[in-house]
Amino acid sequence: MLFFKKKLILNWVIASVDLAIERAAVLALRGLGLERYRVLQPGIAWQLELPPGDHWPTRLGGIWADLPVDWLLLPQDWRPKLAVFDMDSTLITMEVIDELAALANAKPAVAAITEAAMRGEIDFKTSFAARMQYLAGLPQSRLSQVVDDMQLMPGAPQLLAWLRSIGCRTAIVSGGFDYFAHIVQQRLGMDVVIANRLEVQSGLLTGRVVGQVVDSEHKLQSLKTLAQSYDLALADTLVMGDGANDLPMLKAAGVGLAFHAKPAVQQQSPWSARYISMDKIVYLLSSA
């Protein structure tokens, strides 16, 4: 396993600058005999060098389980060379398919299916087909109404700017729609988009997509293909997503980080950012 073969860096970020929470986090570390740390950002982020060992995730998870602390173990000097992101509820604050359903007067039904799929209770392909049928007949011209309301996730521009500054390639790999993903790509200056293409006939959505549905296996294969195209090992990759369909690529990446995900996804993902905003993830990844 990548993280336990060399000297480790523990980066941790406290979601609140409440001094009591800061003291509790530090005291918990002292209980493990870990007292020396470096401040990355006063009141927010810290770094600690750890000896190798596969016991650290369990021990750290135990001492910080009830605190608003997000943390990550990294090999010393690790930096991502390829970062792959889900789009809906990760790079943007909405689930686009739910907003399209609202235009078709079907948001409650579609949102319920979306929630179940995000929790992993329904197979993505099955849930996707069930949701798409509600969009049949929606005029393509109304897609722009969703764009008008589409907001980037707070902190996403700062995280993407930092990734660009270290020479990291960036990609959107989404079970959403490429019409919207290309707009997000332009706003954030990202390199690649892989997403579903809405099928349109006579100016109306058909309720289907063109080609293969971007499901969990497609996402995993896309991660592998992108890494290979840049001559990178999977160990050099960062993946961020929030849904059950992101889990295969989260588990395959060098660093797989579930972002504000459902509990079931957090439990299965290698790492989670449960509390902090996206810009603070820079501190989790600052291993040098």
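1. At what angle do helix α3 and helix α4 pack, and how many Å apart are their axes? In this predicted model, α3 (residues 96-103) and α4 (residues 107-118) pack at an angle of about 165 degrees, and their axes are 8 Å apart. Because an angle over 145 degrees counts as roughly antiparallel, α3 is described as roughly antiparallel to α4. The crossing of these two helices is right-handed.

2. The contact between α3 and α4 can be set out residue by residue. From α3 it draws on I97, D98, E99, A101 and A102, and from α4 on K107, V110, A111 and T114. By residue class, this contact of α3 with α4 comprises five nonpolar residues, one polar residue and three charged residues.

3. The loop between α3 and α4 deserves a remark on its backbone. N105 lies in this loop and has a positive phi of about 60 degrees although it is not a glycine. Most residues other than glycine have a negative phi. As to its surroundings, N105 has a relative accessible area of 73% and is therefore exposed, the cut-off for that term being over 50%.

4. How many of the eight residues of α3 are buried? Six of them are, so α3 is largely enclosed by the rest of the structure. The buried residues of α3 are V96, I97, D98, L100, A101 and L103, and among these I97, D98 and A101 also take part in the contact with α4. What covers the buried residues of α3 includes, besides α4, the helices α5 (124-132), α6 (143-149) and α8 (178-188), together with the strand β6 (169-177).

5. Helix α4 also packs against α5. The axes of α4 and α5 come within 10 Å and cross at roughly 170 degrees, which means that α4 is roughly antiparallel to α5. On the α4 side the residues are V110, I113, T114 and A117, and they meet S127, A130 and R131 in α5. The residues of this contact of α4 with α5 divide into four nonpolar, two polar and one charged. V110 and T114 of α4 appear here and also in the contact with α3.

6. Turning to the strands, an open sheet of four strands has the order β2-β3-β1-β4, and its pairing is antiparallel. Its edge strands, each of which pairs on one side only, are β2 (38-41) and β4 (69-75). From one strand to the next the twist averages 25 degrees. Within this sheet, β2 and β3 (residues 45-50) pair in the antiparallel sense over three bridges, and V39 stands opposite W46 in β3.

7. Which strands of this sheet does helix α1 touch? Helix α1 (residues 19-31) packs on the sheet and touches β1 (8-14), β3 and β4, and the direction of α1 makes about 155 degrees with that of β1. Helix α2 (residues 56-63) lies across β1, β3 and β4, and runs at about 165 degrees to β4.

8. A second residue with a positive phi is found after β4, in the loop between β4 and β5 (82-85), where D77 lies. D77 is not a glycine, yet its phi is positive, at about 70 degrees. With a relative accessibility of 54%, D77 counts as exposed.

9. Strand β9 (residues 237-241) is mostly covered, with five of its five residues buried. In a regular strand the side chains alternate between the two faces of the sheet. In β9, T237, V239 and G241 point one way while L238 and M240 point the other way, and all of them are buried.

10. Which strands pair with β9, and in what sense? β5 and β9 pair in the parallel sense over four bridges, and the bridge partner of L82 in β9 is T237. Four bridges also join β9 to strand β10 (residues 255-259), again with the two strands running parallel. For L238, the bridge partner in β10 is V255.

Definitions and conventions. Residues are numbered from 1 along each chain as its sequence is written. This is a predicted model: local features need pLDDT of at least 70, side-chain atom pairs count only at pLDDT 80 or more; totals for chains, interfaces and linings use all residues. Side-chain values use heavy atoms; hydrogens and water are left out. Axes are lines fitted to C-alpha atoms, for helices over the stretch in contact, and angles run from 0 to 180 degrees between N-to-C directions. Angles under 35 degrees count as roughly parallel, over 145 as roughly antiparallel, 65 to 115 as roughly perpendicular and the rest as oblique. A crossing is left-handed if the near helix is turned anticlockwise from the far one by less than a right angle, and right-handed if clockwise. Contact means heavy atoms within 4.5 Å. Ala, Val, Leu, Ile, Met, Phe, Trp, Tyr, Cys and Pro count as nonpolar, Asp, Glu, Lys and Arg as charged, and the others, Gly among them, as polar. Two strands pair if DSSP finds at least two bridges between them. Buried means under 20% relative accessible area, exposed over 50%, partly exposed in between (1.4 Å probe, protein chains only).
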